[in-house]
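Please open the structure in a viewer and keep the sequence at hand. The tour proceeds from the whole protein to selected parts.

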Amino acid sequence: MKQLFSALAVILMLVVPAAHAQDNYISDELFTYMHSGPGTQFRILGSIDAGTKVTVVDRNRNAGYTQVLDERGRKGWVESKYVSNQPGLKTRMPALEKELTQVKSALANAQGDSEAKTKGLIESLEQRNAQLKELETHTSELNQKLIDAQSEIRELRARIDTQKDDLLMRWFTYGAMVAGAGLLFGLILPHLIPRRKKRNNGWA
């Protein structure tokens with residue numbers, strides 16, 4: 001029974017710290033030493049390279065040390081300032097490089113789309129300018145035709161007015177001629193008709 005309780009106690013000691021354990025990383029120094037206890041006075045068990053993933057087992061805030069379990073199964077104490085909850089550059093570099101590649105690709109696509117849109121806008125602008133120039137030419141031609149038509153209308157009106165004056169002058173002339181002829185005829189007519197001689201009956 002004692003052996004059973006002893007085994008259970010050992011299992012609980014192993015399980016309880018594991019339940020509170022969390023993944024951490026050694027900061028981006030070249031390496032840090034792992035000691036057998038929370039301090040430099042304890043034996044050095046080895047070194048841990050920068051960026052290595054470790055599991056925090058315990059912390060000694062007074063000593064400034066953290067007990068960690070590395071990927072090789074070694075358990076020891078390292079200075080807390082070298083333990084970070086952020087992955088090191090060694091771990092993050094592939095993700096950063098992948099993200100950089102994606103950003104460059106997106107930027108290249110955006111530049112391609114921008115150049116295509118710019119080219120389309122330039123072509124559209126050139127077409128609008130050509131249409132505008134054509135409209136301006138057509139409008140200028142219409143304005144010139146309008147000016148010519150107005151000038152022709154003025155000439156025709158002047159001719160009509162001149163013809164009216166000529167017609168009135170002709171009627172006036174014809175009337176004067178008729179009146180003159182009538183007057184002349186009235187003056188000549190008495191001389192053309194013979195006068196009757198008075199009969200002398202001796203009644204004088």
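Begin with the whole chain of this predicted model: of the 204 residues of the protein, 13% count as buried, that is, have under 20% relative accessible area. The accessible surface comes to about 17,500 Å², and 59% of that belongs to carbon and sulfur atoms.

Next, colour by secondary structure. Two helices and seven strands appear, in the order α-β-β-β-β-β-β-β-α along the sequence.

Now select strand β5, residues 65-70. Is this strand enclosed or open? Five of its six residues are buried, so β5 is largely enclosed by the rest of the structure.

Add strand β4, residues 53-60, which pairs with β5 in the antiparallel sense over six bridges. Select Val54 to find its bridge partner in β5, Asp70. The two strands form a hairpin with four residues between them; in the turn, Gly64 has a positive phi of about 75°.

Continue to strand β6, residues 75-79, which runs antiparallel to β5 and is joined to it by five bridges. Here Gln67 stands opposite Trp77 of β6. A hairpin with four residues between the strands is formed by β5 and β6 as well, and Gly73 in its turn has a positive phi of about 85°.

Finally, turn to the largest pocket, with a volume of about 160 Å³. Of its 11 lining residues, select Ile48, Asp49, Thr52, Glu71 and Arg72, the closest to its centre. Strand β3, residues 44-49, gives the largest share of the lining, three residues. By type, the lining divides into one nonpolar, three polar and seven charged residues.

Note on methods: Residues are numbered from 1 along each chain as its sequence is written. This is a predicted model: local features need pLDDT of at least 70, side-chain atom pairs count only at pLDDT 80 or more; totals for chains, interfaces and linings use all residues. Side-chain values use heavy atoms; hydrogens and water are left out. On a 1 Å grid over the protein atoms alone, a cavity is a set of points where a 1.4 Å probe fits but cannot get out, and a pocket is an open set with protein on both sides within 12 Å along at least five of seven lines; lining residues have an atom within 4 Å of a point. Grid points are joined across faces, edges and corners, and a volume is the space filled by probe spheres set on the points. Ala, Val, Leu, Ile, Met, Phe, Trp, Tyr, Cys and Pro count as nonpolar, Asp, Glu, Lys and Arg as charged, and the others, Gly among them, as polar. Buried means under 20% relative accessible area, exposed over 50%, partly exposed in between (1.4 Å probe, protein chains only). Accessible areas come from the Shrake-Rupley method with a 1.4 Å probe; for residues, only the protein chains shown count as cover. Two strands pair if DSSP finds at least two bridges between them.
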